[in-house]
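Thanks for sending this one over. Here are my notes, written with the bench in mind.

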Amino acid sequence: KNSSFQSKPFCSIFLSFKPALCGIDYFSTLLGKAFAKIHIGISVFKYLDEEWERLQKAIDWPIPDQEITHLSQSTSPVHSTFSIVGLKESYKVGEKISVIITARDHNKNLKRYGGDFFKAKLFNAELKASVYGEVVDHRNGTYSVALLLPWEGQAQVSVRLEHSSEVVQILKKYRESSFPRSHYNGYFEGPGLNETKIFEVVECNLKWGADGSWRKGDCCCEYKDIKTGTVWQCERPKELSCDHLVHHSYGRLEMYKMCLSGMTTPVPAGFYLKDVWKSFVCNTRQFSPAQMANCLKNKIVYLMGDSTTRQWFEYLERNMPGKCDSVFSIQLFNIQLDSMYNYKFNKLKNNIIIHWRPHGVPVRFSKMPITDLHYISNDIDEMAGGPHAVIVFTFFAHLVFHPITFYVYEVARIRQSVVALLRRAPETTVIIKSGNTAGLKYIVTPLMFRDIDGVIFLDVWQMTSCHYLREHIHPGPVVIANEVNMFLSYVSPSCGLFKLVLFHKENGKLTWLMEG
């Protein structure tokens, strides 16, 4: 018998993101895509429509019957309860007890639909005994569990809310996107010069689904199994050929998208919480000064455009550690002056060079040498590019008083220069920063660059428009800091993430074991 058999609230954390625990639902769409493809294209399985429908029903997971617009509408682990039906003072070994779970939201309202992921068990910690109970979803906000009593002695019932039905839908949305969550490493080994050996580690993943490759262009080595048709891809090594792949290991596992090119901006694109921008586009992070310097190590950053990119320049100069190599110093900036309106600084410790210069006319600055004004397209034509080069430009604020036809003409010239640059140096990072004010020109630029692989459109319009401080064409330090953090998240998506490498030491020799 057990005196602890009583109705009690759950003790759980509402947002417990563990996608592997989504059970049937986590598997459902993956099965759907797999079997649908097999059913259409691979005759060996020959699934009939009726059988496929039965599978779909078996793995179906209930969804909310209304649009969820606020956290308070989701299932609350505090207000939801469970009770034992017909609780008795004692039971016989082999009997079962029935448990009813009643789900409520954060306003204590009864839930009308199912889909919550509950887990139930019976246990006795002193006896080190436990047994699992299957939760049956009645799809009306109530659930039932039948628990076997297989041992003699006391027992306690535990019910845990792993994921609310609303969180399950969020996980499902992220799971169904084509962006890979689980990453893997491929290890290439081959001969080098003078009897040396070359080792290269690259990222690998599955080629699957409507979008096919997880990388764009001629990026990868492909390994296709002749019998199953499964295609495995690894990024092409820089020195070795594709046939030198010898080892495989797991890589990072992420819940949120890394910041890469080709991402669209939803509405809303994110939100501020405690003055930190939480992006819905990708996993933007906060960078310490040391991480900032590490992410830009050995890079040359070209900032072009107007005073909004100059604000980035000033922020980076102030916040990155290390001594600045300065030929001249003025009160406002500790920078080298190529001229009054062309700034440059060099952080010697990490070999970082950052330039800023304004775009060409028309530009509404105070009196300045006409020789300091350069068309962005001309500057890009003169750049060699390469993996060390990061090019950022903005071309919005000073064009609002001019015809849209002129603006399209200028953007087309820039586009032509960017295409040529990426053709001669495809590893160059090219970022277009949106304006801090909206309008037709704000829409034009991403449309004109949408079909160019590798170009990143950094949309800061919502970031500068929704902050609780008064809107301004030159936002305050808090907004600039968040913009620069987003910029760094795109320049080095994995920068700032710690990597653990384990080695095995035997007879004084250190060998690689695993990493994660």
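The points below cover confidence, one helix pair and the cavities.

1. Ground rules. This is a predicted model, where local features need pLDDT of at least 70 and side-chain atom pairs count only at pLDDT 80 or more, while totals for chains, interfaces and linings use all residues. Residues are numbered from 1 along each chain as its sequence is written, and side-chain values use heavy atoms, with hydrogens and water left out.

2. Confidence. The chain has an average pLDDT (the predictor's confidence in each residue, from 0 to 100) of 78, and 76% of the residues score at least 70. Residues 1–47 stay under 50, and the model gives them 105 contacts beyond four places in sequence; contact means heavy atoms within 4.5 Å. Residues 512–516 also stay under 50, with 22 such contacts. Where pLDDT is low, the predicted coordinates should not be read in detail.

3. A helix pair. Helix α5 (residues 307–319) packs on helix α10 (residues 477–491) at about 85°, with the axes 10 Å apart. That makes α5 roughly perpendicular to α10, the word used for angles of 65 to 115 degrees. Axes here are lines fitted to C-alpha atoms over the stretch in contact, and angles run from 0 to 180 degrees between N-to-C directions. Helices are DSSP runs (H or I, at least four residues), as are strands (E, at least two), numbered from the N terminus.

4. Who touches whom. From α5 come Q311, W312, Y315 and L316, and from α10 come I480, A481, E483, V484 and F487. By class that is 7 nonpolar, 1 polar and 1 charged; Ala, Val, Leu, Ile, Met, Phe, Trp, Tyr, Cys and Pro count as nonpolar, Asp, Glu, Lys and Arg as charged, and the others, Gly among them, as polar.

5. The largest cavity. There are 5 cavities of 30 Å³ or more, a cavity being a set of points on a 1 Å grid over the protein atoms alone where a 1.4 Å probe fits but cannot get out, with lining residues having an atom within 4 Å of a point. The volume, meaning the space filled by probe spheres set on the points, is about 80 Å³ for the largest. Its lining includes W277, D459, M486 and Y490, and β15 (276–279) and α10 each supply at least two residues.

6. The second largest cavity. This one holds about 60 Å³, and α7 (404–424) gives the most to the lining, with 4 residues. Among the lining residues are H359, Y375, E410 and R413.

Conventions. Angles under 35 degrees count as roughly parallel, over 145 as roughly antiparallel, 65 to 115 as roughly perpendicular and the rest as oblique. On a 1 Å grid over the protein atoms alone, a cavity is a set of points where a 1.4 Å probe fits but cannot get out, and a pocket is an open set with protein on both sides within 12 Å along at least five of seven lines; lining residues have an atom within 4 Å of a point.
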